[in-house]
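Hi,

Here is the structure I said I'd pass on. Have a look at it first, and then read my notes underneath.

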Amino acid sequence: MIDSILLALPAAFAPANLFAVALGTMAGLIVGALPGLTVMTGMAVLIPLTFGMDPLFALGMMAGMYNGGSYGAAIPAILMRVPGTAASVATLMDGHAMTRQGKAGYALQVAVVSAVIGSIFSALSLITLAPSLVKISLMFGPAEFFWLAILGLATVASLLGNDLLKGLIASCLGLLLGTVGMDMATGAERYTFGRLELVDGLDLVVVLTALFALPPVIQMIENAIPNGMPAELLNLRRQKSPLREWKRFLPIWLRSSVIGIIVGILPGAGGSMSSYLAYNDAKQQSKDPDSYGKGNPEGVAASECGNGADNAASLIPALALGIPGSGVAAVILGGLLVHGLRPGPQLFDEHADIVYGFMLQMLLSGILVGLLGGLTATKIFGQALRLPEVVLGPVILLFVTIGVYSVNNAIFDLQTMVVVGLIACVIERLGYPSPPIILGMILGPIAEVQLSLALTISGGERLALASSPISFVLIGLTLLILCVPLWKRRKRQTPALT
C-alpha cells in the first residue's frame, strides 16, 4: 500500500490535477449553497463533461465537488434556514439559532472546521483501512440493515423538542410520506391517486425545500419588515476560532468522525444518517442537552463533522465491491465506469496509481474546503441577509423555485412544493417539529425494504431478525438511545419533586 501511495503522489499533486481539485471544490461550494441543488445534481452534470479527460483530472473534480458540496449545504442552512441537503437539517437546528444571536461568523467557522476534520479522518480511513473495513461491511445482511435503519429512526428522540407526542406524530407523518409510490417488494402502487409522477415517490429535495424553506419565506413576507439584518448582528467578521476551544470540541470531533466513517462504509447506509447519529450522540453526551436546538455550537460541530466523515468512507465499499455507501458514491461509481475503471479488488491491482491518487485527492479537497469555504466565501452569501425581509423573502422564493424545478424539470414538483410548504406552515405554527418528518421519510423506506428482504430470505421467520450478534448490538443501541433521554428527564424531575 505504501508503494502505491508513493507512486500516486506525483500524479495527484501535479499542477493540472491540483487545479481540478480546486475547481471542483469551488463548484461544489456554489452548488451546495444554492437551495434546491444537491451534490448529486452537480455530479450528474459534471460527469458527462469529464468524458475524454484524463481520469485523475476528472476524479479530482469529482472529489472537490463531493467535499465542497457537502459543506456548502451548511451555508444557507446556517444563514437563511434553508437546508441544502437532508444532512444539513441537523446543522440548521443550532446553526441558524446562532445566526439570530449574532454569531453567524462563529457558526460558519465551527461548521467549516468540523467539516474539514471529518473529511480528513474519512479520507485517511479510505486510504489506510479500505481492504479490512470492507470485510466488516460484508457481515451486514438485510436484518442488520433493518436494525440500522431503526437505530437511525430512534435518533428522532433527540429531535422531538419538549412535546414527545407532537414529535412522534411528526415522525409518523414522515414514515407515511415515505410510503408514497410503488412498493418495491410487491410492485403495488400506494397513495399515488392515479398520478404517474408519484409512482417513484415524493422527491426528497422537493419535500425538504418545502418543509424548511417556505415557512420562513412566508413568515418574512407576512412580517414585511422594511429593514434588513443589521451588520453588527450578522457579524460575519472572524470571531474566536473553534481551534482555540479544541478541548471542548475534540471529543465531539472524534466521536462524530468515528460515527460518520462507520455509517459511510456500510453499503446503502451513507448520507444524512451520519449527521443525525452524530448530532444525537453529542446531545446525549452533553452536560446541557436542553441547549441543543437553541444555538449550541456543539450541535453544529457534531452534525458537520459526522457529515464530512461520511464522504470518503462511503467510497470504500464503492471502490472495493462496487456497492456505493451513499447516493453520491453511486454517481461517482458511474463516473469511474465512464473512464474505464471497474470497481472491485482488481481496481487496486490494475490501476493503483489512479485509485490511490483519487484517495489523496479526497484528502486534499477536504483541506481545500477549509481554505476556500471559510469566511471569505461565505461573506458573499451572508450579505443576502442585509436585504430587508420583505425583499429577501421573494428572492429566496425565486431561487428555491428555480432549484426545485431544475431537479426534474417538472411543474408537478412546484405544485408539490406549494402544497407541502403550506402544510409545513400549519405544522410549524402548531408546534410540530419538522426534522423528524424528514428523518422518517428517509429511513422509513430503507427499514421497509430491508425488513421485507430479511423475512423473504428467512421464509417469514421473525426470529431471524435477531439471529446475529450485530443485530443484538444494534437493538441494544436503539433501546439505549430511546431510554437514555427518558432516564435523564426523570432524573431532572426527581429533585423538583423532592
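**The bent helix and what hangs on it**

Helix α23 has a kink of about 30° at Leu443, shortly before the proline Pro445. Keep in mind that this is a predicted model, so everything below is computed from predicted coordinates.

I wondered how the end-to-end span of α23 would compare with the expected one. At 1.5 Å a residue, its 23 residues should span 33 Å, and the end C-alpha atoms are indeed 33 Å apart, so the two agree. Past the helix comes Gly459, which has a positive phi, near 70°.

Now for the part I'd look at in your viewer: which residue does Glu448 pair with in a salt bridge? The partner is Arg190, at 2.5 Å from N to O. Glu448 belongs to α23 (residues 435–457) and Arg190 to strand β2 (residues 189–190), so this pair ties together parts of the chain that are 258 residues apart in sequence. Glu448 itself is partly exposed, at 27% relative accessible area.

Arg190 has a second salt bridge, to Asp183, with an N to O distance of 3.8 Å. That one sits just inside the 4 Å cut-off, so I'd treat it with that limit in mind. Is Asp183 buried or exposed? It is buried: its relative accessible area is 14%, and the cut-off for buried is under 20%. Put together, Asp183, Arg190 and Glu448 form a linked network of salt bridges.

There's another pair a little further along, Glu197 with Arg195, whose side chains meet at 3.2 Å, N to O. Both partners are partly exposed: Glu197 has a relative accessible area of 39%, and Arg195 has 36%. Searching the whole structure turns up 6 salt bridges, including the ones I've described here.

**The chain as a whole**

Zooming out, the protein chain carries 24 helices and 2 strands. Of its 498 residues, 57% are buried. If you take the contacts with a separation of 6 or more, 81% of them are between residues 24 or more positions apart. The Arg190 and Glu448 pair, 258 residues apart, is one example of a long link in sequence.

As for the surface, the accessible area comes to about 21,100 Å², and carbon and sulfur atoms account for 69% of that.

Shout if anything looks odd when you open the file.

Cheers

Conventions:
Residues are numbered from 1 along each chain as its sequence is written. This is a predicted model: local features need pLDDT of at least 70, side-chain atom pairs count only at pLDDT 80 or more; totals for chains, interfaces and linings use all residues. Side-chain values use heavy atoms; hydrogens and water are left out. Buried means under 20% relative accessible area, exposed over 50%, partly exposed in between (1.4 Å probe, protein chains only). Helices (H or I, at least four residues) and strands (E, at least two) are DSSP runs, numbered from the N terminus. Contact means heavy atoms within 4.5 Å. Accessible areas come from the Shrake-Rupley method with a 1.4 Å probe; for residues, only the protein chains shown count as cover. The expected span of a helix is 1.5 Å times one less than its number of residues. The bend at a residue is the angle between axes fitted to the seven residues ending there and the seven starting there.
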